[in-house]
Amino acid sequence: MAVNKTPVLKSCRSLGLEPSYLGYDKKSKRNLTRSNRKVSEYGLQLKEKQKAKFIYGVLEKPFHNYYLKADQMKGMTGTNLMTILESRLDNVVFRLGFARTRREARQIVDHKFVTVNGKCVNIPSYLVKAGDVIEIKESKKNIQRMKDVIEVAGGRLVPEWLDVDAEKLQGTVKELPSREQIDVPVDEMLIVELYSK
């Protein structure tokens, strides 16, 4: 399995991203002094794609597959792509406050901590649907790791398309998010332009 081993803050700096979008509250102390080179149109499009891939932790092939799926759906391709990325199970676990960072959310799903509608799902790329109930397994609720996570992430603002019960460690997908409800700083139209060449 391919894993991105680049330090998170380094990637955030190179993409011009705030680490808070990934759940990190650290700040990079280094200032980037870049030359005033003009970035080409392709360079801008590529950077937006890399940003989206990095935030959601998706590699090139699955990302391209998401694009093809979004292109076949009704509506705007870019908006569909963002909705698909946002409805990945690892992202929903992060959004519900059951993990401190997106990477930790992926690990929690991988390690079979999460059930969807009562069934154990350990696939981070599983796409949730409206009405799905996401819950931390009963056997995992009282372990120290989950208590630590809830202590740190419990105060995070949960998006309005999700409903969370922090006591039961359970959340419901009220609806799939619209583009306005997704607070990720990505210009998806540039990604669509890049892929439609």
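Select strand 5, residues 170-173 (strands are DSSP runs of E, at least two residues; helices are runs of H or I, at least four; both are numbered from the N terminus). Its side chains alternate. Gly171 and Val173 point to one face and are buried; Gln170 and Thr172 point to the other and are not. Buried means under 20% relative accessible area, exposed over 50%, and partly exposed in between (1.4 Å probe, protein chains only).

This is a predicted model: local features need pLDDT of at least 70, side-chain atom pairs count only at pLDDT 80 or more, and totals for chains, interfaces and linings use all residues. Residues are numbered from 1 along each chain as its sequence is written, and side-chain values use heavy atoms, without hydrogens and water.

Next, add strand 4. It pairs with strand 5 in the antiparallel sense over 4 bridges (pairing needs at least two DSSP bridges between two strands). Click Leu162: its bridge partner in strand 5 is Val173. The hairpin of these strands has 4 residues between them, and Leu169 takes a positive phi near 55 degrees.

Move to strand 3. It runs antiparallel to strand 5, joined by 3 bridges. Ile134 has Gly171 as its bridge partner in strand 5.

Now select strand 1, residues 114-116. It pairs with strand 3 (residues 133-136), antiparallel, over 3 bridges. Thr115 has Glu135 as its partner in strand 3.

Show the whole sheet. It is open, with 5 strands in the order 2-1-3-5-4 and antiparallel pairing. Strand 2 (119-120) and strand 4 (162-165) stand at the edges, each with a single partner strand, so one side of each lacks a neighbour in the sheet.

Last stop: Arg100, in the loop between helix 5 (89-95) and helix 6 (102-110). Arg100 is partly exposed, at 28% relative accessible area.
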